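Q: I'm new to reading protein models and would like a close look at one part of this one. Could you pick a spot where helices meet and walk me through it slowly?

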Amino acid sequence: MLDQIYVRREKMTEKATVRELSCRELSAAVRRQAIVDAATLVFLEQGYGGTTMSCIAATVGGSKSTLWSYFSSKEALFVAVVDDIIERHSEAQMVELPPDGDITMVLKLFAQSLTNTLTSAPILNLYRLVISEAKRFPHLAELFYDRGPKRGRARLAVYIAEMMERGELRRGDPLVAAQQLCALCQSGTFQLVLLDLATPDQNSMFASDIDVALDTFCRAWRS
């Protein structure tokens, strides 16, 4: 009887410990996200070079020691900001590319998702920030490229390689084809948007850009 009581008490203690750990982990995750959100605002407003950990700590509230306990450096925090923005807003890295779907429709869906990604305010502002700081901090441009454009193009290249194997596209370098499609989608209206120039009919302009990009791409790569 006593053995059973002890076993029950041990199980209750284990459950309480698990709940306590879960609460702590949740609290830590919430705190970490709050830091990333605050850092995003500061980086985009002041640039990477003009941002200090002290400024971020003041924005989020709390001490620098707390901030350092989550992120070992300003660069580590910037990486977290880039990952967070891309995870939330990179539609192009999430869109389905079904190999059995109509290739024209799949490529159009990708092109639309790429356009939506590039023109979403967080991605666009991050892109501008990286360009403005690339000369002084080339490693920032590299980490942004690796996590954003490079990853998205590699994903598209996998789909294109499959289409080449199936005879839908002529054989060639899938990555080159992916890079060309992405470049074609960014060759018109996106340049105006990137420079914050007036685009009164932006949606129809992008739709036209996509149609032209797909026509050019298919003329070059369709079997």
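A: Here is a walk through the place where helix 4 meets helix 6, with a few stops around it. Keep in mind that this is a predicted model.

Let's get our bearings. The protein chain has 11 helices and zero strands, so if you follow the elements from the N terminus on, you read α eleven times in a row. Of the 223 residues in the chain, 36% are buried. Now take the contacts between residues at least 6 apart in sequence: 67% of those join residues at least 24 apart. Our spot offers an example of such a long reach, as you'll see.

Now zoom in on helix 4, residues 74-89, and helix 6, residues 121-133. How do you describe two helices that pack? You give the angle between their axes and the distance between the axes. For helix 4 and helix 6, the angle is about 145 degrees and the axes are 9 Å apart. Their crossing is left-handed. On the helix 4 side, the contact is made by Phe78, Val82, Ile85, Ile86 and His89. Helix 6 brings Pro122, Ile123, Leu126, Leu129 and Val130. Sort those residues by character and you get nine nonpolar, one polar and no charged.

Pick out Phe78, which lies in helix 4. Is Phe78 buried or exposed? Its relative accessible area is 1%, so Phe78 counts as buried, the cut-off being under 20%. Who sits around it? Leaving aside neighbours within four places in sequence, Phe78 is in contact with Leu126, Leu129 and Val130, which are among the helix 6 residues of the packing we just met. Phe78 also touches Phe43, Tyr48, Leu140 and Leu143. Tyr48 is the long-reach example: Phe78 and Tyr48 are 30 residues apart along the chain, yet their C-alpha atoms are separated by 8.1 Å.

Two of those partners, Leu140 and Leu143, lead us on to helix 7, which covers residues 138-147. There, Leu140, Leu143 and Phe144 are buried. Why do they end up on the same side of helix 7? They cover an arc of only 100 degrees around the axis, and that puts them on one side together. The general idea is handy to remember: an α-helix has 3.6 residues a turn, so residues three or four places apart point the same way. What covers the buried residues of helix 7 includes helix 4 and helix 6, along with helix 8 (149-165). So the pair we started with shows up here again, as part of that cover.

Before we stop, glance at a couple of loops further along the chain. Gln186 lies in the loop between helix 9 (174-185) and helix 10. With a relative accessible area of 12%, Gln186 is buried. Leaving aside neighbours within four places in sequence, Gln186 is in contact with Leu114, Leu118, Arg153 and Gln191. For contrast, go to Asp196, in the loop between helix 10 (189-194) and helix 11 (202-221). Asp196 is exposed, at a relative accessible area of 63%. Asp196 also has a positive phi of about 60 degrees, although it is not a glycine. Most residues other than glycine have a negative phi.

Definitions and conventions
Residues numbered from 1 in each chain as written. Predicted model: local features only at pLDDT ≥ 70, side-chain atom pairs only at ≥ 80, totals over all residues. Heavy atoms only, no water. Buried < 20%, exposed > 50% of the residue type's maximum accessible area, 1.4 Å probe, protein only. Helix = DSSP H or I, 4+ residues; strand = E, 2+ residues; numbered from the N terminus. Arc of directions from axis to C-beta. Contact = heavy atoms within 4.5 Å. Axes fitted to C-alpha atoms, helices over the stretch in contact; angles between N-to-C directions. Left-handed = near helix turned anticlockwise from the far one by under 90°. Nonpolar A, V, L, I, M, F, W, Y, C, P; charged D, E, K, R; others polar.
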